[in-house]
Amino acid sequence: MLAIGLTLFHPSRDQVDDIVRRYAGSRHPVLAFDNGGLGPVNRMKLEAAGVRLLSAGSNVGIAAALNGVVEAAARVGADGVLLLDQDAQVGPEMIGALADARTRLRAENRPCAVIGPVPGRANAEAKPPRFRRRPRQAAVGTLVPVEFLATSGSLVDVAAFRAVGPFRADYFIDGVELEWCFRAWDVGYGCWMAQDAAIGHRVGGGTIRALGIETPRQPLFRMATYLRNSVYGWRLRHIPLPWKLRQVAYLPVQTLLYWRDSGYRPAVLRRLAGAVLDGLRGRLGRPFDAP
């Protein structure tokens, strides 16, 4: 049995109404983790539609919310859970395609931690994530092994989640899926992309473009947390050396583009530099400026 797991953070009325339209009467259990700001009216709407609400009472970060959703899915008897953001636009066709893909991987004796769709631009300004193919791993038809996947739109296998371990709650928000997927590969579970399924995806609230490079425009605390977690990841054995070397070259360029986009404000540079130092020192956890 599959469950659908949503993570919510200050969802708009339209987003809640869309969730109700999509999942009311779903044949799959629908779980939603309120990471803050849901409100009593929206809570009642979701509960009336049969959505099972979870909450820690505050913003505990995306990683802890995802862990809560997967554990709750296991408690209701699900062996897989489709993780979705509050604005994900998916239908039963994609859910069926991912479920079929997991069945095909099992038939080929390919242990699978997670399988997800091909990401596309949610709109003209959105920057979708890019996923690199996993080297020295063969495809299974239209199913391609990738180094990592975004959590939204991904079908996580509950048994694999138990073997790999939970998402890192001390990462709080950025780089969570990257670290987990590399950890999954390290213990023998693959991460796969189904080329016959697609989802609109965006990172941040726009795109900074310069010198042929695109980087997401996002709040300062998000960029700082991304830098901190990326730098901290350099000390982790299960993250491959080629990935670390690419980041050594790419992170300074991203930082410079972000700082330029902010108008070269000194406070922004200080915050980003402090985040890099936190990563080097292993100071993780909830960012002090997280909402």
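## D186 and R237

D186 is partly exposed in this predicted model, with a relative accessible area of 37%. Its side chain meets that of R237 in a salt bridge, at 2.7 Å from N to O. The two residues sit in distant parts of the chain, 51 residues apart: D186 belongs to helix 6 (residues 176-186), while R237 is in the loop between helix 7 and helix 8 (241-261). As for R237, its relative accessibility is 66%, so R237 counts as exposed.

## Helix-to-helix pairs

The whole structure holds 15 salt bridges, and a couple of others are worth a look here. Take D17 and K45, whose closest N and O atoms are 2.9 Å apart in a salt bridge. D17 is part of helix 1 (residues 13-23) and K45 part of helix 2 (residues 40-48), so this pair ties together parts that lie 28 residues apart in sequence. D17 comes out as partly exposed because its relative accessibility is 21%, and a buried residue would have to be under 20%. K45 counts as partly exposed too, at 27% relative accessibility.

Then there's E71, which forms a salt bridge with R162, with 2.6 Å between the closest N and O atoms. Here the pair ties together parts that are 91 residues apart in sequence, because E71 lies in helix 3 (residues 62-75) and R162 in helix 5 (residues 158-164). E71 is partly exposed, its relative accessible area being 27%.

## A charged network

Not every salt bridge has to be read as a lone pair. D79, R102, R106 and D157 are linked in a network of salt bridges.

## R228, an arginine without a partner

Side chains of opposite charge can pair when their charged atoms come close. So what about R228, which is found in helix 7 (residues 220-233)? R228 is buried, yet it has no salt bridge. The nearest side chain of opposite charge is that of D278, and it is 5.9 Å away; a salt bridge needs the side-chain nitrogen within 4 Å of a carboxyl oxygen, so D278 doesn't qualify as a partner.

Which residues does R228 touch, leaving aside those up to four places away in sequence? One group is D170, Y171 and F172. Another includes A275, D278 and G279, and the list is completed by R283, L284, G285 and P287. D278 therefore appears among the contacts of R228, where heavy atoms within 4.5 Å are enough, even though R228 has no salt bridge.

Key: Residues numbered from 1 in each chain as written. Predicted model: local features only at pLDDT ≥ 70, side-chain atom pairs only at ≥ 80, totals over all residues. Heavy atoms only, no water. Buried < 20%, exposed > 50% of the residue type's maximum accessible area, 1.4 Å probe, protein only. Lys, Arg positive; Asp, Glu negative; His and termini not counted. Helix = DSSP H or I, 4+ residues; strand = E, 2+ residues; numbered from the N terminus.
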